[in-house]
Amino acid sequence: MKKVLHIGIDDTDSLKGSCTTHLATTIVTEIAGYVSFLDLPNLIRLNPNIPYKTRGNGAVAIRIIGEQKDLQECKEITIKTTEKLARFEDENTNPGIAFLMGEISGKLKAFSKQALWDVLSIAQAEMFQENAKIDLLKYGNGRGIIGALAAIGNLLEEDFTYEHLSYRHPKNYGTKRAIDEQSVYKADKATPLTFNNIDYEYNSVLITPRGADPVFSGIRGETVKEVLAAWELLEPLEPIVMQMVFRTNQHTNQHLFKRFKINQLKAHQAIITSGVVSRKPRYIPGRHLIFSLKDETGEIDCAAYEPTKRFRNIMNQLLVGDELEVSGGVRPTADKHPLTINLERVRIIKLIEDFKKENPFCDQCGARLKSAGKNKGFKCFKCSAVYRNKKVIQTERPRKITIGEYIPPAIAHRHLTKPQVRMGRDNTGTQLSERETNALLAKLIEFNRANN
Ligand SMILES: [Zn+2]
């Protein structure tokens, strides 16, 4: 009888050139033939505010169906490949593998949901091991099992997107990615359902990363067809040895759903809170913009950091009294700053009216009056006239921002950030059938086997 096996892998990244998606692509390529796939490999981004995370805090789940002995073979391939490719010499790389046979429990789904916004412990992950259907393999300090398990439990049952990833020849790791940049502009224009290929505002190609990792390009989009179409139009100027399409929670804001009062906020969480601007925006060294927000329970600083560029100019228009809902990551207290929300999204709920207050003029000589003291009216310092009953002149100044939702430009986006172009878009329930999934994977695997 055929059985289902979920494989979760996390934290195999290092700055020196490994990458969890690269490992997953290698494993998928090696296990194909033994089993059939229930889904494209899933790339699950977890709480981006975890302090000891590797780049992007991404974990991967591979979901397969097959005979018991073939699944056993897949487990062994997974372990062998991980041990071969993970960068164990890097102390910040602490890989974890999770195997789960059969159904995903409600308890595991809840654990996965919490891993999107909260900080979980290794002990919390290990509680699942009491269940005989789950195997957890720890390497280094073992932290990787948290993400490995969280990836398995996130079935991407709500909104999701796709990412096509291509990989470089190892001899090119660490060098600048060679690509015909014009082909990126061409691919972007021809595929309206891909996004974040280029940041036009800052004229920056986002498709090719800059690090030492094996990824050559990443194309993000709404459908498999569209990310593949964009890939066909790209012109790499160096050899590509593997490619894969992942189904992912990237660009869905899946991490932003927990609402808290200000005095409940804890460091490293991804949160939503609301309040009133209590201290007006100000720039601090490094061109970061800070303002304070308060509710009935407390007050907290909010930051639009330098990389968020023009987003700072918008936030700089806020005035004390404006009502906001803010979302983002909570940065811990440090020597230089108190607990601070790193803003990822701001909804302006209500804007106060902005009045310019000026003293009235003298009826005798036309000069601007000065205050004669509290509740004592005004006095003219030019002709000495005194006015008991004149009032301050209030003129309404138009606000330069409007009610609505604001996010930083694509160049400063986190992987989970839902970009402007995706507003209102929801891909729930549109994934490929099992037959389509296996047909697509067969093609990609054929490419990988021929080129790797
Ligand atoms: Zn006067």
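1. Strand 1 and strand 4 (residues 58–66) are paired in the antiparallel sense, with 8 bridges between them, and in this predicted model strand 1 also pairs with strand 5 (residues 96–101), again in the antiparallel sense, over 6 bridges. Residue G8 can be followed into both pairings, since its bridge partner in strand 4 is A61, while its bridge partner in strand 5 is A98.

2. How far is strand 1 enclosed by the rest of the structure? Of the 8 residues of strand 1 (residues 3–10), 6 are buried, so this strand is largely enclosed by the rest of the structure. When inspecting the side chains of such elements, it may be useful to recall that in a regular strand the side chains alternate between the two faces of the sheet.

3. The zinc ion is coordinated through the SG atoms of C362, C365, C380 and C383, at 2.3 to 2.4 Å. The angles among its 4 donor atoms run from 99 to 119°, and the site is tetrahedral; in sequence, the donor residues follow the spacing C-x2-C-x14-C-x2-C. Because C365 lies in the loop between strand 18 (354–358) and strand 19 (370–371), and C383 in the loop between strand 20 (378–379) and strand 21 (386–387), the pair ties together parts that are 18 residues apart in sequence.

4. Are these two zinc donors buried or exposed? C365 is partly exposed, with a relative accessible area of 32%, and C383 likewise counts as partly exposed, at 34% relative accessibility.

5. The strands named around the zinc donors also take part in a sheet: 3 strands form an open sheet in the order 19-20-21, with antiparallel pairing. Strand 19 and strand 21 stand at the edges with a single partner strand each, so one side of each is left without a neighbour in the sheet. Strand 20 and strand 21 run antiparallel and are joined by 2 bridges, and K379 stands opposite V386 in strand 21.

6. The largest pocket has a volume of about 920 Å³, and of the 34 residues that line this pocket, R45, L206, P209, R220 and H415 are the closest to its centre. By class, the lining of the largest pocket has 15 nonpolar, 10 polar and 9 charged residues.

7. Which elements supply the lining of the largest pocket with at least two residues each? They are helix 1 (20–31), strand 3 (42–45), strand 4, strand 7 (161–168) and strand 11 (215–221); strand 11 gives the most, with 3 residues. Strand 4 therefore appears both here, as a contributor to the pocket lining, and in the first point, as an antiparallel partner of strand 1, while strand 1 itself is largely enclosed because 6 of its 8 residues are buried.

8. Two backbone conformations in the loop between strand 12 (240–248) and strand 13 (270–284) deserve a look, the first of them at H251, which lies in that loop and has a positive phi of about 65° although it is not a glycine. The other is at N253, which lies in the loop between strand 12 and strand 13 as well and has a phi near 60°, a positive value in a residue other than glycine.

9. As to the surroundings of these two residues, H251 counts as buried at 1% relative accessibility, and N253 is also buried, with a relative accessible area of 13%, the cut-off for this class being under 20%.

Definitions and conventions. Residues numbered from 1 in each chain as written. Predicted model: local features only at pLDDT ≥ 70, side-chain atom pairs only at ≥ 80, totals over all residues. Heavy atoms only, no water. Donors = N, O, S within 2.8 Å, 3.2 Å for Na, K, Ca; no water. Tetrahedral: all angles 85-135°; square planar, octahedral: opposite > 155°, others 65-115°. Helix = DSSP H or I, 4+ residues; strand = E, 2+ residues; numbered from the N terminus. Buried < 20%, exposed > 50% of the residue type's maximum accessible area, 1.4 Å probe, protein only. Pairing = 2+ DSSP bridges. 1 Å grid on protein atoms, 1.4 Å probe; cavity = no way out; pocket = protein on both sides within 12 Å on 5 of 7 lines; lining within 4 Å. Points joined across faces, edges and corners; volume = space filled by probe spheres on them. Nonpolar A, V, L, I, M, F, W, Y, C, P; charged D, E, K, R; others polar.
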